[in-house]
Amino acid sequence: ETGAVMDVSGTQTHLDLPVETGGIHRESTLVASNAGAINLAAAEGILLDAALLGKAGDNAAAVGGALSLRLTTRNRIEPFAGAFPSGDRRIVLREGDTLTSQEGVVRGAAIPDVLNGQAFFDTELLADGGFERFNAPSDHEIRFQGDVDISLKHSVVLDAPALNVLDNKVNVSARYVALGSSDQNYQSAPPAMGGTGQLNISADLIDRIGNSALHGSKETNLH
């Protein structure tokens with residue numbers, strides 16, 4: 001909830017390290033560590049209002065963190081058929097909106113049934129938190145709600161049978177971007193549907209993986 005913090009940032013400090021300059025002596029040197037990883041996984045849904053931090057230590061060689069947002073029913077143990085909801089699983093990516101402003105989530109109250117099977121994520125948490133890698137696997141769909149701009153240093157993986165831009169403008173850039181479904185059990189992509197949106201992918205390497213469909217886009221640019 002709001003006010004909570006998950007912090008896997010690296011750190012830094014000065015250490016007296018040996019330096020050879022015509023003789024060995026010790027010199028104060030800034031040493032920094034890489035950030036860690038945050039892995040969020042659920043079968044029924046994810047509602048997240050916490051701050052996420054994965055900043056690299058204060059050194060040019062240190063690397064920012066990795067964030068994984070996984071929504072799948074594959075790992076749950078069902079006591080009998082029909083024990084749990086079986087609808088589609090959808091990751092919803094959007095910029096800046098809090099949960100309470102749109103979904104009617106109230107602290108202490110029951111979570112509305114309409115939210116089952118959905119994971120809501122504010123993409124501004126990625127850059128603000130210093131993350132360099134983002135992985136989003138979903139059993140059925142990744143949906144963009146409103147215009148979204150994701151720009152990371154290393155990689156973005158959008159792993160689902162359907163990618164829906166909902167008539168919005170979506171920009172994704174990183175050194176490596178992967179699109180499509182990597183799960184062999186979810187290779188039956190739905191029919192693609194057009195729209196008025198725009199999807200722009202910019203990367204040094206773009207991977208198209210498995211079978212997937214694009215919805216809600218009139219123009220798609222991969223470069």
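This report describes a predicted model of a protein, moving from the whole chain to a few of its strands, loops and residues.

## The whole protein

The protein has 223 residues, of which 37% are buried, and its secondary structure consists of 2 helices and 19 strands. Along the principal axes, the C-alpha atoms fill a box of roughly 70 × 45 × 35 Å. The surface that the protein exposes comes to about 11700 Å², and carbon and sulfur atoms supply 49% of that area. Among the contacts with a separation of 6 or more, 60% are made by residues that stand 24 or more positions apart.

## Strands that run in parallel

Strand β8, which covers residues 90–94, pairs with strand β11, residues 141–144, in the parallel sense, and 4 bridges connect the two. Within this pairing, I91 has I142 of β11 as its bridge partner. Strand β11 is also joined to β14 by 3 bridges, and these two strands again run parallel. Here E141 has A162 of β14 as its bridge partner.

## A buried arginine before β8

Is R89 buried or exposed? R89 is buried, because its relative accessible area of 0% lies under the limit of 20% that is used for this class. This residue belongs to the loop between β7 (66–71) and β8 (90–94). When residues up to four places away in sequence are not counted, R89 touches A43, E44, L71, T73, R76, N116, G117, S138, D139, H140 and E141. One of these residues, E141, is also the bridge partner of A162 in β14.

## An asparagine between β3 and β4

N34 is found in the loop between β3 (24–32) and β4 (37–42). Leaving aside neighbours within four places in sequence, N34 is in contact with G10, A61, A62 and V63. For V63 there is a further detail, since a polar atom of the N34 side chain lies 2.8 Å from the backbone nitrogen of V63. Although N34 and L15 are 19 residues apart along the chain, a distance of 17 Å separates their C-alpha atoms.

## A nonpolar patch

L15 is also one of the residues that form a nonpolar surface patch, together with L17 and V31, and the area of this patch is about 200 Å². L17 is placed in strand β2, which spans residues 12–20. L17 can belong to such a patch because its relative accessible area of 31% is over the 30% that a patch residue needs.

## Two residues with positive phi

The loop between β14 (162–164) and β15 (169–173) contains L166, and D167 is placed in the loop between these strands as well. L166 is not a glycine, yet its phi is positive, at about 50°. D167, likewise a residue other than glycine, has a positive phi near 65°.

## Partly exposed residues

The table brings together four residues from the sections above that are classed as partly exposed.

| Residue | Place | Relative accessible area |
|---|---|---|
| L17 | strand β2 | 31% |
| N34 | loop between β3 and β4 | 47% |
| L166 | loop between β14 and β15 | 34% |
| D167 | loop between β14 and β15 | 44% |

The class of N34 follows from its value, because 47% lies between the 20% under which a residue is buried and the 50% over which a residue is exposed.

Conventions: Residues are numbered from 1 along each chain as its sequence is written. This is a predicted model: local features need pLDDT of at least 70, side-chain atom pairs count only at pLDDT 80 or more; totals for chains, interfaces and linings use all residues. Side-chain values use heavy atoms; hydrogens and water are left out. Patches are made of residues with over 30% relative accessible area and no salt bridge: like charges are joined within 9 Å, nonpolar side chains (Val, Leu, Ile, Met, Phe, Trp, Tyr) within 5 Å. Accessible areas come from the Shrake-Rupley method with a 1.4 Å probe; for residues, only the protein chains shown count as cover. A salt bridge is a side-chain nitrogen of Lys or Arg within 4 Å of a carboxyl oxygen of Asp or Glu. Buried means under 20% relative accessible area, exposed over 50%, partly exposed in between (1.4 Å probe, protein chains only). Contact means heavy atoms within 4.5 Å. A polar contact is a pair of N or O atoms within 3.5 Å; within protein, one must be able to donate a hydrogen and the other to accept it, and residues adjacent in sequence count only if both atoms are side-chain atoms. Two strands pair if DSSP finds at least two bridges between them.
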